[in-house]
Amino acid sequence: MRLPALAFLAVGTIVVPLADASSAARIGVIVFTRGDARLVYAMRPDGSRLRLLTRLPAKSDTPSISPDGRWVAYVMAQGREERDDIFIRRLGTSSTRRVTDDVLNEGRPSWSPDGKRIVFFWSHEIWTMRGDGSHKLRLTRDSELDSGPVWSPNGRKIAWTRQQESLAPAVYVMNADGSGRRRLRTAALHGIVDWRILR
């Protein structure tokens, strides 16, 4: 029996299989950030085919691969204000698209299991949008600081961390439409939430 599980991760490394028939697709790809410069890289799990996906002076982090392995979403800060916006890039190409462009910072994009939507935090609230940046939907409306959202493996729920004044950060879960929010437990650290199937 497969059981859903919550886990806290200290690194932003993701391994997924790619969808096409090439040998690289069967092996998979890893995306990660490296160094204080906050640059996003991709490579095969054996360490070969290292590719730099973002370049200075922009600073980038929290990459997330789409379920079909074709796109990577990440946060990139540009310009004097270094305001964080979400970009998507088609892996294997130089095709890059900004999908948010707002005064306030966005962060921690995460693809839905069907690859149609991205969940992220913006202005300390949890939002979703289509992969092209359209149809943004605000899911939380509170004074607390919400961050680190991820999808459940079946795409029906979203988990995230909430920082409340004078309280330790806690893990919350809600339905994908923002309903049914509930607190699960206090987190030891204000970390990234991840949700995967345990086999």
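This is a stop-by-stop tour of a predicted model, saying what to select at each point and what is there.

**Whole chain**

Start with the full protein chain, coloured by secondary structure. The chain has 199 residues, and 44% of them count as buried. Its secondary structure consists of one helix and 18 strands. Among the contacts with a separation of 6 or more, 32% come from residues 24 or more positions apart.

Now colour by pLDDT. The mean over the chain is 78, and 77% of the residues reach 70 or more. Select residues 1-25, where the pLDDT is below 50. This stretch has 63 contacts in the model beyond near neighbours in sequence. Where pLDDT is low, the predicted coordinates should not be read in detail. Hide residues 1-25 if they get in the way, and move on.

**The sheet of strands 6 to 9**

Select strands 6, 7, 8 and 9. These four strands form an open sheet in the order 6-7-8-9, with antiparallel pairing. Its edges are strand 6, residues 59-65, and strand 9, residues 96-98, each of which pairs on one side only. From one strand to the next, the twist averages 25°.

Narrow the selection to strand 6 and strand 7, residues 71-78. The two are antiparallel and share five bridges. To see one residue pair, show Ser 64, whose bridge partner in strand 7 is Ala 73. Follow the chain from strand 6 into strand 7: they make a hairpin with five residues between them. Gly 69 lies in that turn and has a positive phi of about 75°.

Keep strand 7 and add strand 8, residues 83-90. Eight bridges hold this antiparallel pairing. Val 75 is a useful marker, since Ile 86 in strand 8 stands opposite it. Is strand 7 enclosed or open to the outside? Seven of its eight residues are buried, so strand 7 is largely enclosed by the rest of the structure.

**The hairpin of strands 10 and 11**

Next select residues 106-111, which are strand 10. All six of its six residues are buried, so this strand too is largely enclosed by the rest of the structure. Add strand 11, residues 117-122: it runs antiparallel to strand 10 and is joined to it by four bridges. Show Trp 111 together with Ile 118, its bridge partner in strand 11. Strands 10 and 11 form a hairpin, again with five residues between them. In the turn, Gly 115 has a positive phi of about 75°.

**Aromatic pairs**

Show the side chains of Phe, Tyr and Trp. How many aromatic pairs are there? The count comes to four. One of them is Phe 32 with Tyr 41, a stacked pair whose centres are 5.6 Å apart, with 15° between the planes. Phe 32 is buried, at 11% relative accessibility. Tyr 41 is buried as well, with a relative accessible area of 12%.

Move to Trp 122 and Trp 127. Their ring centres are 4.6 Å apart and their planes stand at 50°, so this pair is tilted. Trp 122 and Trp 127 are both buried.

**The sheet of strands 14 to 17**

Select strands 14, 15, 16 and 17. Here is another open sheet of four strands, in the order 14-15-16-17 and with antiparallel pairing. Strand 14 and strand 17, residues 182-186, are at the edges; each has a single partner strand, so one side of each is left without a neighbour in the sheet. Neighbouring strands are turned by 25° against each other on average, direction ignored.

Zoom in on strand 14, residues 145-151, and pick Ser 147 within it. Is Ser 147 buried or exposed? Its relative accessible area is 12%, so Ser 147 is buried. Add Gly 107 and set a distance between the C-alpha atoms: Ser 147 and Gly 107 are 7.8 Å apart in space, although 40 residues separate them in sequence.

Then take the two inner strands. Strand 15, residues 157-163, and strand 16, residues 170-175, pair antiparallel over six bridges. Thr 161 stands opposite Val 171 in strand 16.

For the last stop, show Arg 162 and Tyr 172. The charged end of Arg 162 sits over the ring of Tyr 172, at 4.7 Å from the ring centre.

Technical notes:
Residues numbered from 1 in each chain as written. Predicted model: local features only at pLDDT ≥ 70, side-chain atom pairs only at ≥ 80, totals over all residues. Heavy atoms only, no water. Buried < 20%, exposed > 50% of the residue type's maximum accessible area, 1.4 Å probe, protein only. Phe/Tyr/Trp six-rings, centres within 6.5 Å; stacked < 30°, edge-to-face > 60°. Lys NZ or Arg CZ within 6 Å of the ring centre and 35° of its normal. Pairing = 2+ DSSP bridges. pLDDT = per-residue confidence, 0-100. Contact = heavy atoms within 4.5 Å. Axes fitted to C-alpha atoms, helices over the stretch in contact; angles between N-to-C directions.
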